[in-house]
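Good morning, colleagues. Please take a moment with the sequence and the structure on the screen, and then we shall go through them together.

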Amino acid sequence: MNPDLDLSLDRVIRAPRKRVWDAWTDPASLARWWIPAPLRCRVDALDVRAGGAFVTRMSEDGQKFVPHLDACFLVVEDGERIVFTNALDSAWRPATPQPVAMTAEIVLSDHPDGTDYRVVVRHGDPAARERHADLGFADGWGTVTGQLAEIAESGS
């Protein structure tokens with residue numbers, strides 16, 4: 001991790017790694033935690049494989065959904081690691097995403113209390129990193145990680 005370019009989050013989720021992985025890779029489960037509540041998420045594409053599409057929409061009222069993320073998976077190591085970027089859209093076209101271009105790496109490993117969940121979000125320059133931090137990276141990614149933990153820990 002490069003502290004000038006990257007933001008990170010680490011958390012122990014008190015659930016087996018498979019349950020955390022399943023929450024990431026099942027569209028219905030992802031829709032329940034991927035966007036901070038009370039916003040709602042709709043998963044339009046979740047093709048969890050290298051080169052696969054990752055497209056979500058969000059809604060304040062559950063009726064009108066607007067674009068949230070149009071990305072593609074770069075690396076998928078079953079049960080262990082997911083890397084995706086919004087710098088390429090789901091059709092592999094170069095993108096200029098708002099508010100910032102990023103590449104996110106999620107790593108799951110066993111922990112005595114469940115799953116060690118680590119996120120590193122990489123940016124192209126310090127200004128993009130700073131913009132993402134100022135927009136609430138810690139709160140946003142922290143909130144959705146908490147929602148993920150709730151689902152994985154409850155087994156539902």
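Let me begin with a question: which residue in strand 5 is the bridge partner of E77? It is R81. Before going further, I should say that this is a predicted model.

That bridge belongs to the pairing of strand 4 with strand 5, which is antiparallel and comprises 5 bridges. The two strands form a hairpin, with 3 residues between them. Within the turn, G79 has a positive phi of about 75 degrees.

Strand 5 also pairs with strand 6, again in the antiparallel sense, and here too there are 5 bridges. In that pairing, F84 has A104 of strand 6 as its bridge partner. Of the 5 residues of strand 5, 4 are buried, so this strand is largely enclosed by the rest of the structure.

Let us now widen the view to the sheet. There are 7 strands in an open sheet, and their order is 1-7-6-5-4-3-2, with antiparallel pairing. Which strands stand at the edges? They are strand 1, residues 6–13, and strand 2, residues 40–46. Each has a single partner strand, so one side of each is left without a neighbour in the sheet. On average, neighbouring strands of the sheet are turned by 20 degrees against each other, direction ignored. As general background, strands of a sheet pair through backbone hydrogen bonds, in either a parallel or an antiparallel manner.

At one of those edges, strand 1 runs antiparallel to strand 7, and 8 bridges join the two. S8, for example, stands opposite V120 in strand 7.

I would like to pause on a residue of strand 7. V121 is located in this strand, which spans residues 114–122. Is V121 buried or exposed? With a relative accessible area of 0%, V121 is buried, the limit for that term being under 20%. Setting aside neighbours within four places in sequence, the contacts of V121 include L5, D6 and L7, then M102, T103 and A104, and also H132, F137 and W141. V121 and E105 are 16 residues apart in sequence, while their C-alpha atoms are 6.3 Å apart in space.

We turn next to the helices. Helix 1, residues 17–25, lies across strand 1, strand 2, strand 3, strand 4, strand 5, strand 6 and strand 7. Its direction is at about 155 degrees to strand 6. Which residues of helix 1 are buried? Among them are V20, W21, A23 and W24. These residues cover an arc of only 160 degrees around the axis, which puts them on the same side of helix 1.

Helix 4, residues 137–154, lies across strand 1, strand 5, strand 6 and strand 7. Helix 4 runs at about 25 degrees to strand 1.

Several details of the backbone deserve attention. The peptide bond from A37 to P38 is cis, with omega near 15 degrees. P38 is in the loop that runs between helix 2 and strand 2. Another cis peptide bond joins Q98 and P99, where omega is about 5 degrees. P99 is placed in the loop between strand 5 and strand 6.

W92 lies in the loop between strand 5 and strand 6 as well. Phi of W92 is near 65 degrees, a positive value in a residue other than glycine. W92 counts as exposed, at 57% relative accessibility.

On the cysteines, how many disulfides does a search of the whole structure find? The search finds 0. Why is C41 not bonded to C72? The closest cysteine sulfur to that of C41 is in C72, 18 Å away, which is too far for a bond. Both residues are in the interior by the accessibility criterion: C41 is buried, at 11% relative accessible area, and C72 is buried, at 2%.

Finally, a word on annotation. An unreviewed UniProt entry places the feature "domain: Activator of Hsp90 ATPase homologue 1/2-like C-terminal" at residues 14–152. In the model, the end C-alpha atoms of that span lie 8 Å apart. The span is 29% helix and 35% strand.

To close, I return to the sheet, with its strand order of 1-7-6-5-4-3-2, and to strand 5, in which 4 of the 5 residues are buried. Thank you for your attention.

Definitions and conventions. Residues numbered from 1 in each chain as written. Predicted model: local features only at pLDDT ≥ 70, side-chain atom pairs only at ≥ 80, totals over all residues. Heavy atoms only, no water. Buried < 20%, exposed > 50% of the residue type's maximum accessible area, 1.4 Å probe, protein only. Contact = heavy atoms within 4.5 Å. Pairing = 2+ DSSP bridges. Axes fitted to C-alpha atoms, helices over the stretch in contact; angles between N-to-C directions. Disulfide = S-S within 2.5 Å. UniProt positions renumbered as here; feature names shortened; annotations may be inferred. Arc of directions from axis to C-beta.
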